[in-house]
Amino acid sequence: MLWIYYALLKKDAMLLITINSICVFIQTFYIVVYFYYGPKKEKLVTLKLILLFNVFGFGAIFFSTFFLKNPLIRLRILGYICMGFALCVFVAPLGILRKVIKTKSVEYMPFTLSVFLTLGAVMWFFYGLLLKDMNIAVPNVLGFIFGILQMILYAIYKNYPKKMVEDPKLQLSAQQVVVDVVKMGSTTVCLEANAVGPNPNNGEGTDEAQNIKTNNITDASNEV
């Protein structure tokens with residue numbers, strides 16, 4: 001959205017308008033799909049981020065620059081803002097690079113994404129260079145560097161066996177299941193022991209019930 005606004009002010013960057021319009025449509029589709037299938041808690045967090053950045057953030061940038069009297073200053077300030085966000089986009093994959101190095105697995109870093117990221121960065125760099133617009137050219141230098149780095153890591157770790165990343169939430173759930181099983185086993189043992197009552201005609205009934213209870217408790221503990 002910022003690049004479309006920037007291109008409208010620049011008036012000679014039609015490719016920025018067309019390509020970023022398509023990107024807005026695709027990203028909107030992704031968000032709709034996420035809101036349809038995503039968990040409720042994560043959807044609320046995503047909605048807050050959309051309101052913060054896409055509504056209030058974009059609105060603040062728009063109204064703070066649109067009414068500037070000097071169009072050159074307005075375009076320059078908006079260009080710096082766009083360049084800053086573009087740099088943030090290219091810095092974002094650092095988290096994925098760290099996970100790849102830590103797990104020695106490229107499961108979370110598709111090779112095709114890295115290739116097209118690099119090619120796109122190269123094309124946009126030359127586009128900005130031909131237009132003599134450093135706001136477009138400079139961020140894509142960083143994109144090219146990170147794209148090459150991702151492909152190098154892919155070449156290094158592509159033959160490593162996949163390493164499962166343990167989720168703390170799943171570990172907590174597993175512990176809760178074990179505790180529930182222990183509780184159920186203890187309850188069952190108590191019920192079975194109580195079902196065997198003492199025989200009034202035979203003094204050995206109490207001893208037999210105690211022995212059965214002790215054996216059941218031992219078996220239940222070994223099974224857990």
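How many residues apart are Phe 58 and Phe 62 in helix α3, and how much of a helical turn separates them? They are 4 residues apart, which places them about one helical turn from each other. The views below start overall and then close in on single sites of this predicted model.

**Figure 1. Overall fold of the predicted model****.** The protein has 9 helices and 0 strands. From the N terminus on, its elements read α-α-α-α-α-α-α-α-α. The protein has 224 residues, and 24% of them count as buried. The whole structure holds 14 aromatic pairs and 1 salt bridge.

**Figure 2. Stacked phenylalanine rings along helix α3****.** A pair of aromatic rings is described by the distance of the centres and the angle of the planes. Phe 58 and Phe 62 form a stacked pair, at 6.4 Å centre to centre and 25 degrees between the planes. Both sit in helix α3, residues 40-66. Because Phe 58 and Phe 62 are 4 residues apart in that helix, about one helical turn separates them. Phe 58 is partly exposed, at 21% relative accessible area. Phe 62 also counts as partly exposed, with 24% relative accessibility. Phe 62 forms a further stacked pair with Phe 66, at 5.1 Å centre to centre and 20 degrees between the planes. Again the spacing is 4 residues in helix α3, so about one helical turn lies between Phe 62 and Phe 66. Phe 66 is partly exposed, with a relative accessible area of 36%.

**Figure 3. The ring cluster and a charge over Phe 66****.** Ring pairs join Tyr 5, Phe 58, Phe 62, Phe 63, Phe 66 and Phe 67 into a cluster. Arg 74 adds a charge to this view: its charged end sits over the ring of Phe 66, 5.9 Å from the ring centre. Phe 66 thus takes part in a stacked pair with Phe 62 and lies under the charged end of Arg 74.

**Figure 4. The salt bridge between Lys 10 and Asp 133****.** Side chains of opposite charge can pair when their charged atoms come close. Here the side chains of Lys 10 and Asp 133 meet at 3.2 Å, N to O. The pair links distant parts of the chain, 123 residues apart. Lys 10 belongs to helix α1, residues 2-10. Asp 133 lies in the loop between α6 and α7. Are the two partners buried or exposed? Both Lys 10 and Asp 133 are buried.

**Figure 5. Leu 72 beside Lys 10 in a C-alpha view****.** Leu 72 and Lys 10 are 62 residues apart in sequence. In space, their C-alpha atoms are 9.3 Å apart. Leu 72 lies in helix α4, residues 71-91. Its relative accessibility is 62%, so Leu 72 counts as exposed. Lys 10, by contrast, is buried.

**Figure 6. A polar contact from Asn 135 to Tyr 6****.** The side chains of Asn 135 and Tyr 6 are joined by a polar contact of 3.4 Å. Asn 135 is found in helix α7, which spans residues 134-157. With a relative accessible area of 11%, Asn 135 is buried.

**Figure 7. Two lysines with positive phi****.** Most residues other than glycine have a negative phi, and most peptide bonds are trans. Lys 104 has a positive phi of about 55 degrees. Its place is the loop between α5 (94-103) and α6 (111-130). Lys 104 is partly exposed, at 38% relative accessible area. For Lys 132, phi is also positive, near 60 degrees. Lys 132 lies in the loop between α6 and α7. At 73% relative accessibility, Lys 132 counts as exposed.

**Figure 8. A nonpolar patch on the surface****.** Which residues make the nonpolar surface patch? The members are Ile 22, Phe 25, Ile 26, Phe 29, Tyr 30, Val 33, Tyr 36 and Tyr 37. The patch covers about 970 Å². Val 33, one of its members, lies in helix α2, residues 14-37. Val 33 has 32% relative accessibility and counts as partly exposed.

How values were computed: Residues are numbered from 1 along each chain as its sequence is written. This is a predicted model: local features need pLDDT of at least 70, side-chain atom pairs count only at pLDDT 80 or more; totals for chains, interfaces and linings use all residues. Side-chain values use heavy atoms; hydrogens and water are left out. Rings of Phe, Tyr and Trp (its six-membered ring) pair if their centres lie within 6.5 Å; planes under 30 degrees apart count as stacked, over 60 as edge-to-face and the rest as tilted. Helices (H or I, at least four residues) and strands (E, at least two) are DSSP runs, numbered from the N terminus. Buried means under 20% relative accessible area, exposed over 50%, partly exposed in between (1.4 Å probe, protein chains only). A charge sits over a ring if NZ of Lys or CZ of Arg is within 6 Å of the ring centre and within 35 degrees of the ring normal. Patches are made of residues with over 30% relative accessible area and no salt bridge: like charges are joined within 9 Å, nonpolar side chains (Val, Leu, Ile, Met, Phe, Trp, Tyr) within 5 Å. Accessible areas come from the Shrake-Rupley method with a 1.4 Å probe; for residues, only the protein chains shown count as cover. A salt bridge is a side-chain nitrogen of Lys or Arg within 4 Å of a carboxyl oxygen of Asp or Glu. A polar contact is a pair of N or O atoms within 3.5 Å; within protein, one must be able to donate a hydrogen and the other to accept it, and residues adjacent in sequence count only if both atoms are side-chain atoms.
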